[in-house]
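Subject: Structure for your files

Hello,

Here is the structure I said I would pass on. Please open it alongside this message; my notes on it follow below.

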Amino acid sequence: MGRSQGGDDLHDAFISYSHAWDKAVAVAFQAELQGFARPWYRPRSLRIFRDETNLGASPDLWREIEAALSRSRWLVLMASPRAADSMWVRKEIRWWLKHRSRDTILIAWTDGELVWDASSGTFDWSATNALPREELAAVFDGRQPRWVDLRWLRSPGQVDGADPRLLECVAEFVAPLAGKSKDELIGDHIRQHRRTVRLVRMVIAALTSLLVIAAAGGITAYVQRNTAREQTLAAQSRQLVAEASSIQDSQPELARQLLVQAHRMSPTGQAQGALLASTSMARVIHTDGDSRAVSYSSRGAMVVTDDAVRLYDPATMAVLSTLPVPKKHATTAAFSPDGGLLAVGSRRGHTHLFDVAAPRSPRLLGSLQATTESIEGLFFHPRSPLLLVDADTCGAALDIRDPARPRVTDSDFDGAAAISPDARLIVTDGQDDTAHLWTLSDSGRLTRAGTVETPAIPPLGSRRNVTFSPDGHILAYGGDDNRVRLWDVANPGKPAVLADLNGQNLGIDAVAFSGQGTALATGAEDGSIHLWDVSDPMRPKPGSQLTGHTSRVNDLAFSPDGRSLASASADGAPLATDGTDSLNSTVRLWPVSGASRSSAVATLSGPGSGPPAFSPDSTLMAAGMPTTLWALDDQDAPRKVSTLQTFNVGGQVVAFSADGATIASGVPVVTWDVSNPARPRSLTPTVKRSGGAEAVSFSPTRPVLAIGDFSEPVQLWNISRRDRPARLSELRGSDADGQGLAFSSDGHVLATVTDSGTVQLWDVTSPSKPSLRGVIKPTGGRVGALAFSPRGRTLLVGDSMGSVTAWDASDPRHPVRRGSSGRHTGSVEGLAYHRDGSLAASAGEDGAIRLWDVGNSARPLELTLLSGGGRFPSATLSFSPDGRFLAADSEGGVQLWDVDRTRILQRLCRDSAPITPSQWAQYLPGLDYDPPCA
């Protein structure tokens, strides 16, 4: 092959391209052009100019580019819509047409549409968007230019010198540059390649012969030593995971440290699974003295009463402030409904009122001693400026209209054990195993309404073992006979028993309803906590059991969002150094959802409607019914931003475009502009929906949308005009719904489900003319879900027999089965791949969500079974593109799990004290002390 003549400063070709779209492909293609048919001893065969390769920093960029153009013999134009819109590409074309011949332009078609109209002798500019019309409309005069279709080459990872398609394309360009025929060039390339291979083999053989004898013994010993070391570390890692599992309730802080160390030693499947499930462990706040009471503010702060009164940030467990109350003085505390006031009761009958609107700097507003007895309960009236004070044998109603000057009212209030949230009812101690129900006026006047009688439950004593449901219609009442009785008090004159809850020992000391009233927590003297599903109070169902406290549960409180349960206990009484007893009590924060322990980080309100959709930058998620946009800020809790019009009663399936600016749904397709998520704008206001899409998926590389409808085959739509989606084609025989659609990462293969239960593999390189390339016939029954790997073409297939099978679809005409696992019971309806390609999630009719290590697709390994507050039957799944979240959508709503291992490790360290030397010696004997979170 000849080189450019006339000096080393000449270039055979100048590559003009869009940096925004074709940079990666241009870099790879330049390397192939320069190396085509190159002898091994020559650095390159052709000199190709590309700006980032050949230009240095210059104050006059265009002058440098113009000089490069003037020294180039050919112009290679990488054609795409982005290039057609590029100011620099258009300027380079104008220069070339002014100073060179149009016959020296070669076109590499990388994206968009390129249509030649033979009748007019030019491009069909109504359909062509990959070339700048203004510069090239009147250039070719009936002479069709030479171009090569490179749309299949979208990333450097696809560049394989042995690929016949690449060989043909490169030869098409090199032929005019070198002045040879394509066949002659390909022959030269093959001969040079064979010569190089022969030479390399000879050199390698010679070197290998010399090295093998000398190195064989050393290499073998090195490999054996490393293998043994890796096996030892893996065994120690698995042992630490087992130890952490056995103490995760009793010693959650130490369990966290052991998990971090296990992952540090060897990230085995067991260690990774334990990390992903670790969010369900309780967090511990160590307190001074007996933790007597705990309460949440509606603003998110938490107050704990022990030897002092402290305000905490429950998210970080950091102390926000300590209230100026004498040590061991306070007995209980309560927040006002708006969270701005905090009332603290004392052993000698004092009530202190604090302004806690700024929890880091609380201010004492006023105090009053309304009784000489120890205050056991404080209740704010939700509508009137009244604070009800309950002492051992009496009570008082305080007028707190001016919190700086509280005063006792002249009401007939004599004390209360509990008050309903709407202040409609209070319950007080009675005689002979009774409790009385009273109606309460806004002024504090009481009217006797009814009596709760049961000889099996003793009179109220602890003041924490009785509470009202949020709507005030149910009274939960625990006693020393290990039962909690639920009473219907909607008509307080005729209270009726709904159910008895049994299962704990040594008596019930604390009860608490969740904010939604569907879950009840009960704490016993033996330190155990039971959760109950009371959504049907006549048929309560047992939920999770929370164990870990070693002493009685003094108080329980659900967080306002219901995602956390705080429990206060005096966990022990170790002997202090001065010989006195020093209590070492705790408050534990249990992650819950409803009546179940949970490892999810968030639950979104409202029912689900289809696979959650994430924007490409992971800042937004569309989910639920109606379709809601949620902002995924740095905090774990998503923030509701706006809602989209939902056309179907059962909700709608939506998808984000590759640039994140558009959401599409429906048949016919409707679109929204969500570049401003707070104000989504309909782009298709005149389109009338005739049906609801059952599955929606955007191509990852092009503005092409695949829509699955319950009554029609899958359709492909062109969304390049967002306000005018155009139907391109339909895939005959397909019948996809839910997660029955999946594009390969390069966008050229679309997998669909058929009504007969098989999988079709379609070549959609030309979406207006899709062609069926292959079919997968699973052995496990009908297919329910599909997911392509983020790199390559590994396809996960979930079937009706509960199996998840990996298929290699690199050649869609001959898919190869790689590996399978059948852990689900019933059909697999949800599948998703994590961005790193080694983690996948599956969901089935059995309600289980499982995480898998699929790094070796021939041997998928189950890592963990996620918990999220119950089961998730037939859930659909999505990982966020940044790899942080897994979202599951089912009939019960949408939940999010944090699956970012780095963040999980950081959180485990944040939520636990460093492992001590003595603990290290116990669990890691023989190893030097090296705490993992130091």
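Helices and strands in these notes are DSSP runs, with at least four residues for a helix (H or I) and at least two for a strand (E), and they are numbered from the N terminus. The model is a predicted one.

Overall content

The chain has 934 residues, of which 55% count as buried. Its secondary structure amounts to 64 strands and 12 helices. If one takes the contacts between residues at least 6 apart in sequence, 53% of them join residues at least 24 apart.

Backbone

Two loops hold residues with a positive phi that are not glycine. One of these residues is Ala 423, where phi is near 60 degrees. Ala 423 sits in the loop that runs between β21 (418-419) and β22 (425-429). Its relative accessibility is 0%, so Ala 423 counts as buried, the cut-off being under 20%. Another is Ser 618, with phi at about 65 degrees. Ser 618 belongs to the loop between β38 (613-614) and β39, and with a relative accessible area of 5% Ser 618 is buried as well. For context, most residues other than glycine have a negative phi, and most peptide bonds are trans.

The peptide bonds to mention are these. Met 625 and Pro 626 are joined by a cis peptide bond, with omega about 0 degrees. Pro 626 is in the loop between β39 (620-623) and β40 (628-631). β39 thus turns up twice in these notes, since the loop of Ser 618 lies between β38 and β39. A cis bond is also found from Val 667 to Pro 668, where omega is near -5 degrees. The place of Pro 668 is the loop between β43 (662-665) and β44 (670-673).

Disulfide

How many disulfides does the model have? The count is 1. The cysteines concerned are Cys 909 and Cys 933, and their sulfur atoms are 2.0 Å apart. Cys 909 is part of helix α11 (residues 901-910), while Cys 933 is in the segment after α12 (917-923), so the bond ties together parts that are 24 residues apart in sequence. About the S-S bond of Cys 909 and Cys 933 the torsion is about -75 degrees, which makes the disulfide left-handed.

Are the two cysteines of the pair buried or exposed? Cys 909 is partly exposed, at 23% relative accessibility, and Cys 933 is partly exposed with a relative accessible area of 22%. Cys 394 also counts as partly exposed, at 25% relative accessibility.

Helix packing

Helix α11, which carries Cys 909, also packs against another helix. The axes of α10 (residues 269-277) and α11 come within 10 Å and cross at roughly 70 degrees. At that angle α10 is roughly perpendicular to α11, and the crossing of α10 past α11 is left-handed. On the α10 side the contact is made by Gln 272, Leu 275 and Leu 276, and on the α11 side by Arg 901, Ile 904, Leu 905 and Leu 908. By type, the residues of this contact are 5 nonpolar, 1 polar and 1 charged.

Regards

Note on methods
Residues numbered from 1 in each chain as written. Predicted model: local features only at pLDDT ≥ 70, side-chain atom pairs only at ≥ 80, totals over all residues. Heavy atoms only, no water. Disulfide = S-S within 2.5 Å. Buried < 20%, exposed > 50% of the residue type's maximum accessible area, 1.4 Å probe, protein only. Axes fitted to C-alpha atoms, helices over the stretch in contact; angles between N-to-C directions. Parallel < 35°, antiparallel > 145°, perpendicular 65-115°, else oblique. Left-handed = near helix turned anticlockwise from the far one by under 90°. Contact = heavy atoms within 4.5 Å. Nonpolar A, V, L, I, M, F, W, Y, C, P; charged D, E, K, R; others polar.
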